[in-house]
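Hello,

I am passing on the structure we talked about, and I would be glad if you kept it open beside this message while you read. After it comes an account of what was found, written so that you can follow along residue by residue.

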Amino acid sequence: TGGELVIRLAPNQIDKRAGLISTNPYDLRGDRVFVEVTTVPDQSAGGDTTLIVTLSRTENSYLSFEVEVGQITIALFQSSVSTILSSGTPYDAVEHRWWQIRESGGTFFFETAPDGTTWTTIHSQQLSIDVSAVHPSLAAGMNGVADPNPGEAHYDNFNRGTEPVCN
């Protein structure tokens with residue numbers, strides 16, 4: 001709708017997700033991936049909204065920036081093993097409207113902004129992972145609760161560096 005990605009969650013579904021993944025690999029070294037998140041699903045019932053940087057499709061490895069149950073969680077999944085890097089930051093739809101994952105010299109920064117220009121770091125950490133051919137993606141779903149009205153996730157301005165992810 002007008003260039004915006006809308007993921008409408010089906011009612012009464014548990015642990016179901018939908019999303020969009022870039023088919024072309026992207027070199028994240030010294031660069032960034034960011035998105036404007038204009039709407040998140042019902043947070044009271046386990047709705048989640050996620051910005052993902054897939055490291056390996058075959059090994060199910062990725063970095064995630066997720067909002068679920070009103071909290072921001074940053075995680076690293078490697079070969080299906082989850083490591084929570086940061087959690088517990090209360091989500092604010094105005095202050096956290098823009099989400100960004102960037103890399104600089106092996107340090108990863110997970111940041112938010114109200115306007116897409118004034119970034120605040122939620123978490124940063126040195127990680128020894130290869131980001132020379134990542135696949136940025138967006139996803140939304142419901143975790144653990146069947147909600148009759150789960151809502152939608154709305155994303156806009158999904159970019160890498162200065163270029164659109166999906167062009």
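**Salt bridges**

Arg29 and Asp27 are joined through their side chains by a salt bridge, with a distance of 2.6 Å from N to O. Please keep in mind from the start that this is a predicted model, and that the values below were computed from it. Of the two partners, Arg29 is exposed, because its relative accessible area of 51% is over the 50% cut-off, whereas Asp27, with a relative accessible area of 30%, is partly exposed.

The structure holds 5 salt bridges, and two others deserve a careful look. One of them pairs Asp48 with Arg17, whose closest N and O atoms are 2.5 Å apart. Asp48 belongs to strand S4 and Arg17 to strand S2, so this pair ties together parts of the chain that lie 31 residues apart in sequence. The surroundings of the two residues can be described as well: Asp48 counts as buried, at 0% relative accessibility, while Arg17, at 42%, counts as partly exposed.

The other is formed by Glu36 and Arg97, with 2.7 Å between the closest N and O atoms. This pair also links distant parts of the chain, since Glu36 sits in strand S3 (residues 32-39) and Arg97 in the loop between S7 and strand S8 (98-104), 61 residues apart. Here Glu36 counts as buried at 9% relative accessibility, and Arg97 counts as partly exposed at 30%.

**The largest pocket**

Rolling a probe the size of a water molecule over the atoms shows where empty space is left. The largest pocket has a volume of about 350 Å³. Its lining is made up of 24 residues, and those that lie nearest its centre are Arg17, Thr50, Ile52, Tyr62 and Ala139. Arg17 is therefore a residue to find on the model twice, once as the salt-bridge partner of Asp48 and once in the lining of this pocket.

Which elements give two or more residues to the lining of the largest pocket? They are strands S2 (16-21), S4 (47-56), S5 (61-68), S6 (71-78), S7 (81-90) and S11 (135-142). S5 gives the most, with 5 residues. If the lining of the largest pocket is sorted by class, there are 9 nonpolar, 11 polar and 4 charged residues.

**Two buried side chains and their contacts**

Trp98 is found in strand S8, and it is buried, with a relative accessible area of 12%. Once residues up to four places away in sequence are set aside, Trp98 touches Phe34, Val35, Glu36, Glu111, Thr112, Ala113, Pro114, Asp115, Gly116, Trp119 and Asn157. Among these is Glu36, which you met above as the salt-bridge partner of Arg97. For Ala113, which is 15 residues from Trp98 along the chain, the separation of the two C-alpha atoms is 5.0 Å.

His123 lies in strand S10 (residues 120-126) and counts as buried at 15% relative accessibility. Its side chain makes a polar contact of 2.8 Å with the side chain of Gln125. Apart from neighbours within four places in sequence, His123 is in contact with Ile74, Leu85, Ser86, Phe108, Phe109 and Phe110.

**Backbone points to check**

Val69 has a positive phi of about 50°, although it is not a glycine. This residue lies in the loop between S5 and S6 and counts as partly exposed, at 49% relative accessibility. Asn157, likewise a residue other than glycine, has a positive phi near 55°. Asn157 is placed in strand S12 (residues 152-160) and is partly exposed at 33% relative accessibility, and it is also one of the residues that Trp98 touches.

Finally, Gly46 is located in the loop between S3 and S4. Is Gly46 buried or exposed? With a relative accessible area of 6%, Gly46 is buried. Leaving out neighbours within four places in sequence, Gly46 is in contact with Glu68, Val69, Gly141, Met142 and Asn143. Tyr62, by contrast, is 16 residues from Gly46 along the chain, with 21 Å separating their C-alpha atoms.

With best wishes

Notes. Residues are numbered from 1 along each chain as its sequence is written. This is a predicted model: local features need pLDDT of at least 70, side-chain atom pairs count only at pLDDT 80 or more; totals for chains, interfaces and linings use all residues. Side-chain values use heavy atoms; hydrogens and water are left out. On a 1 Å grid over the protein atoms alone, a cavity is a set of points where a 1.4 Å probe fits but cannot get out, and a pocket is an open set with protein on both sides within 12 Å along at least five of seven lines; lining residues have an atom within 4 Å of a point. Grid points are joined across faces, edges and corners, and a volume is the space filled by probe spheres set on the points. Helices (H or I, at least four residues) and strands (E, at least two) are DSSP runs, numbered from the N terminus. Ala, Val, Leu, Ile, Met, Phe, Trp, Tyr, Cys and Pro count as nonpolar, Asp, Glu, Lys and Arg as charged, and the others, Gly among them, as polar. A salt bridge is a side-chain nitrogen of Lys or Arg within 4 Å of a carboxyl oxygen of Asp or Glu. Buried means under 20% relative accessible area, exposed over 50%, partly exposed in between (1.4 Å probe, protein chains only). Contact means heavy atoms within 4.5 Å. A polar contact is a pair of N or O atoms within 3.5 Å; within protein, one must be able to donate a hydrogen and the other to accept it, and residues adjacent in sequence count only if both atoms are side-chain atoms.
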